[in-house]
2 protein chains.
Amino acid sequence: VAQPFLQAPRRVLLRLEYEGTDFHGWQRQPALRTVQGELERAIGRALGEAVEVEATSRTDQGVHAAGQAAAFSTGTAIPAARLPLVLNSVLPPDIRIREARDVAPNFRPRLAAAGKLYRYTFSCRQWESVFLRRFTSRVGRPLALGAMREAASELLGEHDFGSFQGASRLPPASSVRRLYLLRVHEEGPLVHLNVVGDGFLYRMVRTIAGTLLEVGLGRRPPSTLPQILAARDRRLAGPTAEARGLCLVKVYFSPGEWLQDPEAAGGACRS
Amino acid sequence: VAQPFLQAPRRVLLRLEYEGTDFHGWQRQPALRTVQGELERAIGRALGEAVEVEATSRTDQGVHAAGQAAAFSTGTAIPAARLPLVLNSVLPPDIRIREARDVAPNFRPRLAAAGKLYRYTFSCRQWESVFLRRFTSRVGRPLALGAMREAASELLGEHDFGSFQGASRLPPASSVRRLYLLRVHEEGPLVHLNVVGDGFLYRMVRTIAGTLLEVGLGRRPPSTLPQILAARDRRLAGPTAEARGLCLVKVYFSPGEWLQDPEAAGGACRS
């Protein structure tokens with residue numbers, strides 16, 4: 001059911017969730033299963049037009065999302081309120097549209113985002129839960145939460161996070177970012193790191209998680225965090241924590257929105 | 001490391017969890033992947049002896065367990081406290097031993113069980129959560145919980161549950177069973193049915209769930225439950241609810257133990 005563009009095309013903003021386990025990350029790649037690739041294929045099938053979907057965050061291979069935000073331009077007349085149902089009927093079960101709404105034709109989600117909430121989850125259970133194994137990183141013993149909180153507090157605010165930036169082909173001009181929240185939250189045998197910031201460098205959350213893990217295991221004192229930051233040298237931070245523990249929980253389009261969000265305080269990437 | 005039986009063999013009771021998705025149920029079957037089959041193979045590999053594992057409940061294909069109880073006889077000298085670590089290192093990731101302890105050589109878990117807690121979970125979300133899709137049955141709209149609770153109360157206590165028994169090759173002599181608890185518990189978009197009983201007929205929990213679902217959807221008034229029970233005719237109850245929503249949460253070996261168990265009150269088969 002192809003629909004010609006009779007006027008300036010609509011722009012639609014999607015809120016979506018996906019389980020990253022079986023995807024080679026967000027970004028479309030020839031011959032690999034990616035979230036962008038599956039989403040564009042499904043929209044093409046459902047709406048009868050080729051679209052390009054732009055995400056707020058191009059999540060890495062294996063990383064999950066409960067609240068990714070992504071936009072595309074379309075000529076469809078289907079009302080936004082019906083689009084989740086229409087698209088979910090053709091999407092694979094590991095991607096689901098939670099919400100769709102019309103936005104301005106020039107809306108760019110990457111530029112419009114005011115902040116993002118990521119959650120990294122460690123499991124301190126001795127055995128690896130069969131139910132949570134896809135969504136947590138196994139530690140297998142207790143963590144020193146007080147030390148982790150002390151370390152986390154050193155990272156709050158605006159810093160040059162160069163020491164927490166993974167190697168990438170096109171590093172951004174500046175590695176200065178602002179962390180609004182870095183909360184260490186215990187939920188039974190799980191330890192969540194809730195991280196809100198205005199933007200994140202490549203692998204920054206996972207490098208922070210890997211560094212706080214070493215603090216929690218007593219391998220690195222919290223007092224070393226300022227030195228790590230000051231050095232702007234990736235080799236001084238801890239290892240990159242594994243992808244399956246990370247979830248993009250929410251994208252905020254107005255500053256301070258996270259302050260009203262109960263998800264930023266606790267919760268788990270599971271509902 | 002085969003160990004000869006120098007004396008009457010030890011009997012070990014395991015508490016284990018598994019994700020039922022990729023198993024053809026509990027019971028060993030030639031050429032099919034089953035929980036019993038994988039468990040016996042792993043124990044054989046780790047302890048160097050052939051064992052037969054007896055479960056309290058032979059869960060069906062696709063049904064999960066957070067607290068299955070199963071016993072086997074062994075000549076190993078490995079202390080019970082170390083067995084979970086030893087066995088988990090050779091088990092596939094969808095089975096995990098939570099606990100092991102020594103019991104009397106003639107301990108039969110099926111006969112010793114005083115009660116069991118099952119949980120059936122419906123999701124009322126419009127879309128099917130990518131995180132919970134393996135562990136919930138999707139309803140996609142609100143349920144009338146008051147009506148479901150009224151219907152549930154009709155099933156409490158001792159009844160002939162013949163109308164809630166699936167067809168099986170060897171039905172038991174009596175279809176009289178006692179339900180101690182049938183709690184309809186709301187957790188955000190999820191509706192859990194927590195069911196404690198002294199024993200369950202084949203597919204009894206899923207038939208109760210399918211019947212209460214029809215009540216919750218307004219397709220069947222709660223007042224019909226006594227007639228369904230009285231008829232002892234499977235055709236009068238609702239459809240069998242799908243396997244993925246069901247979880248064997250706990251096996252109790254002393255009467256009334258469930259009264260002290262916080263799991264019986266709420267929770268979810270996910271931690």
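This report describes how two chains meet in a predicted model and how two helices pack within one of them.

Residues are numbered from 1 along each chain as its sequence is written, while chains are lettered from A and ligands numbered from 1 in the order in which they are written. In this predicted model local features need pLDDT of at least 70, side-chain atom pairs count only at pLDDT 80 or more, and totals for chains, interfaces and linings use all residues, with side-chain values resting on heavy atoms and leaving out hydrogens and water.

Chain B is superposed on chain A, by least squares on the C-alpha atoms of residues with pLDDT of at least 70 in both, through a rotation of 180° with 0.0 Å of shift along its axis and an RMSD of 0.0 Å. That is the relation of a two-fold axis. Because 100% of the interface residues of chain B are also interface residues in chain A, the copies meet through the same surface.

The table gives values for this interface, where contact means heavy atoms within 4.5 Å, buried area is the accessible area (1.4 Å probe) that two parts lose on being put together, summed over both, and a salt bridge is a side-chain nitrogen of Lys or Arg within 4 Å of a carboxyl oxygen of Asp or Glu.

| Interface of chain B and chain A | Value |
|---|---|
| Residues in contact | 29 of chain B with 29 of chain A |
| Buried area | about 2500 Å², 57% from carbon and sulfur atoms |
| Salt bridges | four |
| Salt bridge R134(B) with E19(A) | 3.0 Å, N to O |
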